[in-house]
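Here are my notes on the two-chain model you sent over. I've put them as numbered points so you can follow along with the viewer open.

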Amino acid sequence: MLAAVWACTSTLACARTAAEAVTTQAARIRHVFIIVLENKNYADTFETSTQDPYLRQTLVPMGALLTQYYGTGHVSLDNYISLISGQAPTKDTADDCLPGLIGSVGNFNDVAQTGWAAQGQVVATGGCIYSTRVKTLVDQMQQVGLTWRGYMEDMGNDPARERATCGHPPIGVGTDLTNTAEAPSSAVPLGDAYATRHNPFVYFHSIIDAKSCDSQVVNLSHLPADLAQARTTPNLVFITPNLCNDGHDGAGTGAAGTTCANGQPGGLTSSDAFLKTWVPRILASPAYRQDGLLIVTFDESSFVTPSVSRNPTTGQTTVTVTYPGQTCCHQQPGPNLAGVRPSTMTVVNTPSVVTNLVMQDFGGDRIGAVLVSPFIVPGSTSATPYNHYSLLRSLEDIFRIDGHLGFAADDPSTGYILDSIGSDAAIFQHRAH
Amino acid sequence: MRRSSSIARTSRRYLRSLLLPYLMLGMVATLSLVGPAIAGLSAQAQLGRQIFFDPALSASGRLACSSCHSPTQAYGPPDGAAVQLGGLARDRQGSRAVPSLRYVLNRTPVWSKPFIASSTERLLEGEEPPAGGFGWDGRFNTLEAQAAFSLLAPNEMANKGPEDVVRKLRLAPYANEFRRVFGEAIFTQPQQAFARAREALAHFELEDPSFHPYSSRYDDYLEGRATLTAPERRGVALFEDPRGGNCAACHPDRKGADGSHPLFTDFQFEALGVPRNPEIAANAKPGYYDEGLCGPLRTDQAGQMSECGLFKTPGLRNVATRRVFFHNGRFHTLKEALQFYVRRDTHPAQWYPSAGGIVDKFDDLPRERRGNVDVTDAPLTRTAGQEPLWNDAQIDDVIAFLETLTDRDVRPAAR
């Protein structure tokens with residue numbers, strides 16, 4: 001009955017039913033663990049880098065590699081939001097809600113919604129925090145009695161900067177202090193590299209307006225206790241490492257001038273160390289061993305094509321950095337990106353140098369994903385195209401939720417149909433009949 | 001006998017020097033040279049307090065930490081000298097204006113400049129600014145390192161080396177307490193003793209409540225125990241306006257997420273292009289420039305040309321009691337300092353030397369580094385001939401607001 005209600009709300013589309021959505025052993029999965037890392041392209045992560053031996057040489061052989069998994073946008077926040085809500089970007093979420101960029105509102109402000117578009121897309125002039133009418137995966141899960149928790153590393157390390165639970169800046173007030181990592185001090189000995197823009201849950205009033213946000217969006221330090229028993233492990237465990245451990249900061253080499261605020265190397269080096277610490281704990285947990293699925297992916301690719309030219313008359317150098325912004329899966333831009341993606345921005349303009357940033361398309365480029373589960377064929381790969389909308393759809397299917405949010409839903413009128421990872425026979429064991 | 005008398009005289013001098021600031025603070029009842037522990041302060045902190053106020057630890061015998069970081073001026077400079085005097089005869093100028101030690105020490109992050117891995121995010125959202133570290137150039141990551149510099153710098157306390165400091169510590173009236181806390185044999189290991197003394201200083205600076213009283217009227221206002229006057233309210237609005245003064249962007253003025261009161265600094269670095277100050281003798285030498293992050297005092301960032309001219313943002317608590325502003329002490333009134341912000345670009349000839357009608361703007365930096373000066377953040381975006389952001393009445397309003405940041409125990413610095 002509840003599912004039927006879900007299927008008829010404005011942000012949901014009715015399509016294939018949950019019962020028939022998952023055609024492999026993935027149907028047995030009841031606990032999903034997601035770790036989202038930052039800003040690495042597929043070729044670096046899975047082909048050339050020497051900084052991530054644990055990911056490449058341990059986790060990939062242990063599980064399945066999705067070779068054609070794509071981010072949904074640039075820069076960070078729009079990817080996280082698409083993953084849990086199916087919403088395409090606003091002008092502000094497309095740029096991490098930083099003030100003074102291309103967005104119209106900036107900072108931590110409400111989405112200025114002007115209407116609805118097809119597939120439950122919010123039409124907005126800008127803004128960052130969606131109204132209670134916009135639902136997310138965790139709202140869906142709660143409706144069917146499933147549990148979830150977001151585990152944010154470092155959140156609340158500096159309690160003056162953000163709260164340790166459901167941490168976000170005051171709405172509409174001032175600068176988001178979490179835009180910059182805070183180095184250690186006497187008062188904050190571990191520093192604080194929590195970034196609100198990597199925590200999708202706090203961009204939805206449906207989550208932050210509820211008292212339960214304090215018990216469901218918590219510091220990563222809560223995870224070990226939650227993993228102790230299957231009954232204390234949420235059905236969805238969403239993990240965001242801090243800015244260093246997710247690879248956002250640092251080049252991974254440890255060279256002077258390329259480190260994180262806390263002096264760690266960052267990049268894939270710190271990400272790999274994070275995985276090496278936390279993944280064994282997850283894989284050893286009763287919930288994972290019983291019916292778990294671990295997903296390690298990235299928000300977006302960092303692949304760019306640089307070019308440099310020099311005007312011999314003026315001596316001015318022009319540097320152009322081009323993001324392909326590639327998409328997969330017939331991804332749609334949504335209703336809010338006109339003039340924003342694709343685009344060319346001149347970010348530096350001096351007599352000696354001009355720097356242009358070109359976004360050729362609105363996607364997030366190829367990032368890849370690794371899945372580990374008792375129900376996965378070890379060492380398998382799939383070249384089926386997926387993206388964050390696909391992952392959202394897949395989770396909705398795995399959790400047997402009727403209805404799909406936003407761009408996780410099919411739109412037969414345009415031929416927009418997403419694959420569901422749980423039905424990928426190339427990686428999951430076949431269902432016993 | 002003579003030695004005993006000498007020690008007795010020394011002890012009386014110590015006692016006076018130690019008592020003076022506490023008498024002024026009305027805290028004498030809590031002071032004990034080697035007495036029982038003071039509630040809330042560790043044994044190291046109590047030792048550190050005695051070291052902090054001890055002028056005998058300097059080569060001149062007349063310069064304590066507290067001489068420049070005066071407790072009655074929020075541990076800032078006691079007067080309006082652009083830089084304080086130190087050295088053997090207390091006749092050598094320090095390098096920079098003395099910052100206040102109040103509030104910021106336990107919150108100052110180690111120096112960092114996080115590197116964003118994605119080149120596009122660096123372009124689109126900007127590189128992370130450098131932040132943190134002690135001193136105007138952030139070159140000290142610990143209070144212990146900062147203390148070592150001041151104890152040994154020839155133009156500050158001017159000790160010849162750690163052994164020199166330890167020799168003086170052995171003669172101090174609190175030497176026995178030092179032994180009791182750090183071991184009977186501590187003075188036989190000068191490097192260890194020097195390190196422990198600096199640790200003690202750090203404990204004092206971090207633990208003693210006098211470094212963070214939160215007793216200003218603005219603190220009362222934040223707690224709902226006081227109201228702001230109309231000029232103060234206008235002042236805070238001007239201070240906060242992101243398209244106006246934009247001061248709060250670097251000097252946050254609102255409560256933290258946990259209700260903690262603001263420190264009025266984000267600890268980040270900024271190049272303001274403050275005019276050269278002829279009061280600093282070193283500036284008479286052509287070609288000498290204090291370029292902050294990239295030297296000459298700091299050396300590890302010397303090759304980072306984009307960081308030349310950047311200095312750390314100071315906290316603004318008790319700013320209205322200071323008589324010396326910015327890293328080189330160029331200005332001596334708060335009004336002049338604020339006028340500089342809003343008229344730097346509209347009336348550059350007011351601040352910088354001119355020759356042949358050409359203003360030598362940002363004259364305290366080498367010409368090739370002047371492009372580092374902030375001209376993109378309000379209120380530093382105007383051009384010559386435009387109206388200044390604030391008129392005199394508005395500046396007075398901002399001053400009225402800043403005066404609410406004065407702690408109850410702080411007195412204006414001497415002129």
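1. A word on "contact" before anything else: two residues are in contact if their C-beta atoms, placed from the backbone, lie within 7 Å. Keep in mind too that this is a predicted model.

2. With that in hand, how many residues does the contact take from chain A and from chain B? It takes 39 from chain A and 28 from chain B. On the side of chain A that touches chain B, β12 (317–323) and β14 each supply at least two residues. By class, that side of chain A has 16 nonpolar, 17 polar and 6 charged residues.

3. Now chain A by itself. It has 11 helices and 18 strands, and its C-alpha trace spans about 75 × 45 × 40 Å along the principal axes. A compact globule of 433 residues would have a radius of gyration near 22 Å, and chain A, at 21 Å, agrees with that. Of those 433 residues, 58% count as buried. If you take contacts between residues at least 6 apart in sequence, 73% of them join residues at least 24 apart.

4. The sheet to look at in chain A is an open one of 8 strands, with mixed pairing and the order β8-β7-β9-β2-β10-β15-β3-β16. Why do β8 and β16 (380–382) of chain A each have one side without a neighbour in the sheet? They stand at the edges, each with a single partner strand, so nothing in the sheet pairs with the other side. On average, neighbouring strands here are turned by 20 degrees against each other, direction ignored.

5. Have a look at β7 (residues 148–152) of chain A within that sheet. 5 of its 5 residues are buried, so β7(A) is largely enclosed by the rest of the structure. Both faces are covered: A:Trp148, A:Gly150 and A:Met152 are buried on one side, with A:Arg149 and A:Tyr151 buried on the other.

6. What does β7(A) pair with? One partner is β9 (residues 236–240) of chain A, in the parallel sense over 5 bridges; there, A:Tyr151 has A:Ile239 as its bridge partner. Another is β8 (residues 217–219) of chain A, which runs parallel to β7(A) and is joined to it by 3 bridges. In β8(A), A:Asn219 stands opposite A:Met152.

7. Elsewhere in that 8-strand sheet, β3 (residues 64–66) and β15 (residues 369–372) of chain A run antiparallel and are joined by 3 bridges. A:Leu65 has A:Val370 in β15(A) as its bridge partner. Helix α3 (residues 53–62) of chain A lies across β3, β10 (292–298) and β15 of chain A, and runs at about 55 degrees to β15(A).

8. Chain A also has an open sheet of 4 strands, in the order β11-β12-β14-β13, again with mixed pairing. Its edges are β11 (305–310) and β13 (343–349) of chain A; each has a single partner strand, so one side of each is left without a neighbour in the sheet. The twist averages 20 degrees from one strand to the next. β13(A) pairs with β14 (residues 353–359) of chain A in the antiparallel sense over 6 bridges, and A:Asn349 stands opposite A:Val354 in β14(A). You met β14 of chain A in point 2, on the side that touches chain B.

9. On to chain B, with 12 helices and 6 strands. Its C-alpha trace spans about 75 × 50 × 45 Å along the principal axes. For 415 residues, a compact globule would have a radius of gyration near 22 Å, and chain B has 22 Å, which agrees. Buried residues make up 47% of the chain. Among contacts in chain B between residues at least 6 apart in sequence, 69% join residues at least 24 apart.

10. Is helix α2 (residues 43–52) of chain B mostly covered or mostly uncovered? Mostly covered: 8 of its 10 residues are buried, among them B:Leu47, B:Ile51 and B:Phe52, and also B:Arg49.

11. Last, a helix pair in chain B. Helices α6 (residues 162–171) and α8 (residues 190–207) of chain B pack at an angle of about 75 degrees, with their axes 9 Å apart. α6(B) and α8(B) are therefore roughly perpendicular to each other. Residues making the contact include B:Val165, B:Val166 and B:Leu169 of α6(B), and B:Ala193, B:Phe194 and B:Ala197 of α8(B). By class, the contact has 8 nonpolar, 1 polar and 1 charged residues.

Notes: Residues are numbered from 1 along each chain as its sequence is written. Chains are lettered from A and ligands numbered from 1 in the order in which they are written. This is a predicted model: local features need pLDDT of at least 70, side-chain atom pairs count only at pLDDT 80 or more; totals for chains, interfaces and linings use all residues. The radius of gyration is taken over C-alpha atoms; the globule rule is 2.2 Å times the number of residues to the power 0.38. A residue is buried if 20 or more other C-beta atoms lie within 10 Å of its own, exposed if 12 or fewer, and partly exposed in between; C-beta atoms are placed from the backbone. Two strands pair if DSSP finds at least two bridges between them. Axes are lines fitted to C-alpha atoms, for helices over the stretch in contact, and angles run from 0 to 180 degrees between N-to-C directions. Angles under 35 degrees count as roughly parallel, over 145 as roughly antiparallel, 65 to 115 as roughly perpendicular and the rest as oblique. Ala, Val, Leu, Ile, Met, Phe, Trp, Tyr, Cys and Pro count as nonpolar, Asp, Glu, Lys and Arg as charged, and the others, Gly among them, as polar.
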